[in-house]
Amino acid sequence: MEQWVEKLFTEDVLIEAAARYGANASNAKKLGDFENYVYEVERAGTPFILRLTHSSHRTKKEVEGELKWINFLHAHDIHVSLVHTSENGELVEVLPVADSFFYVCLFDKAPGTSVKMNSPQFGPELFEKWGAITAKMHLATEQYQDSETERLQWDEDDLIELENFIDANEDEAIIIGNRQLVANIQQLPQTKETFGLIHSDIHMGNFFYYEGDIHVFDFDDAMYFYFISDIAIPLYYSTWWKYREETLEKRSAFGTEFLTHFLKGYVSVRPMTLEWLERLPLFLKLRDYTLYGVFHKKIDLSNGHEQENKLVAGIRERLIKDEPIVNLNYQEIWKQLNI
């Protein structure tokens, strides 16, 4: 979280936020503070997830749009965390702080636990279920027509303009490469089957596994974008977290295994085409650029931890070398799907 926002967030703000939903924050457990403040709180002895979003990050209508979509997915029997209304009957409560606001909402706590990359569960069965729930979300969303849902189009995100966050001289090549990639993606066709509201961040940190089912949460990055991006993101992060210090060959071997099983789950629910699968590298590369921008936006790297600086340096090196996170034979993967 930006330092100036941290100064606005106090214990009194947290207590008031919880109270708006009839919850108790006296023993609140902090779960995250990167983009939003996220806490586990209790209401009538039951744990819930309380989230506070600063107005510099999202507008109230953007938050409402996210929450309405989540409840739409929940109503279609997809395992996402139901959003509750406040004591005043509001999905989003507004807390004024100084000359800004915190937007507050309350979610069910997802059942289960996260899956660690060194866990025996991190394998083909999980990958297929991961693909299947992603496809279920996309299939349901094809019918989602709430005209009041305000979420950014992908190219309206501030991170599209990398020059706002990185050194224009030192990283000129990265800025130029990002602009060209964005221009190329903007030329892709948009149809109901290829483009819509997506989660945009379905990595392992954003779902729990419970009794053989995946339960997805953290829709804060939801945006209007190509559905294929929701396939690129799990592949990207699973590879990056587990094998980022390995060779391209080793990363690609894992990527082939992961994507093959993920897609088996996906196409068991919703069709896709080889044409769109072969566009996946565009979206993997875009995640490299976006993540590079996120680190510069959110972290003072001049005073950052050694590990953070190492992560950023690794992304930068691959961008400069034009080396992908994985280099896959998409036609061979497609053949394995037996479509």
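Is K60 buried, partly exposed or exposed, and at what relative accessibility? K60 counts as partly exposed, at 26% relative accessibility, where buried means under 20% relative accessible area, exposed over 50%, and partly exposed in between (1.4 Å probe, protein chains only).

The model is a predicted one, in which local features need pLDDT of at least 70 and side-chain atom pairs count only at pLDDT 80 or more, while totals for chains, interfaces and linings use all residues. Residues are numbered from 1 along each chain as its sequence is written, and side-chain values use heavy atoms, with hydrogens and water left out.

**Salt bridges**

A salt bridge is taken here as a side-chain nitrogen of Lys or Arg within 4 Å of a carboxyl oxygen of Asp or Glu, and by this rule the count comes to 24 salt bridges. Three of the pairs, including the one formed by K60, are set out below.

| Pair | Closest N to O |
|---|---|
| R20 and E93 | 2.6 Å |
| E64 and K60 | 2.6 Å |
| E125 and K129 | 3.2 Å |

R20 lies in the loop between α2 (11–19) and β1 (24–32) and E93 in strand β5 (residues 93–97), so their salt bridge ties together parts that are 73 residues apart in sequence; helices (H or I, at least four residues) and strands (E, at least two) are DSSP runs, numbered from the N terminus. E93 is buried, with a relative accessible area of 5%.

E64 and K60, by contrast, both lie in helix α3 (residues 60–75), four residues apart, or about one turn of the helix, and E64 is buried at 17%. In helix α4 (residues 124–141), E125 and K129 are likewise four residues apart and separated by about one helical turn; E125 is exposed at 53%, whereas K129 is partly exposed at 27%. An α-helix has 3.6 residues a turn, so residues three or four places apart point the same way. Elsewhere, R251, E317, K321 and E323 are linked in a network of salt bridges.

**Helix α9 and S81**

The 19 residues of helix α9 (residues 280–298) should span 27 Å, the expected span being 1.5 Å times one less than the number of residues, and the end C-alpha atoms are 27 Å apart, which agrees. Helix α9 is mostly covered, with 15 of its 19 residues buried.

S81, in the loop between α3 and β4 (83–84), is buried at a relative accessible area of 9%. Its side chain reaches the backbone oxygen of D108 at 3.2 Å. Leaving aside residues up to four places away in sequence, S81 touches I70, F107, D108, A110, V216 and F217, contact meaning heavy atoms within 4.5 Å.

Definitions and conventions: A polar contact is a pair of N or O atoms within 3.5 Å; within protein, one must be able to donate a hydrogen and the other to accept it, and residues adjacent in sequence count only if both atoms are side-chain atoms.
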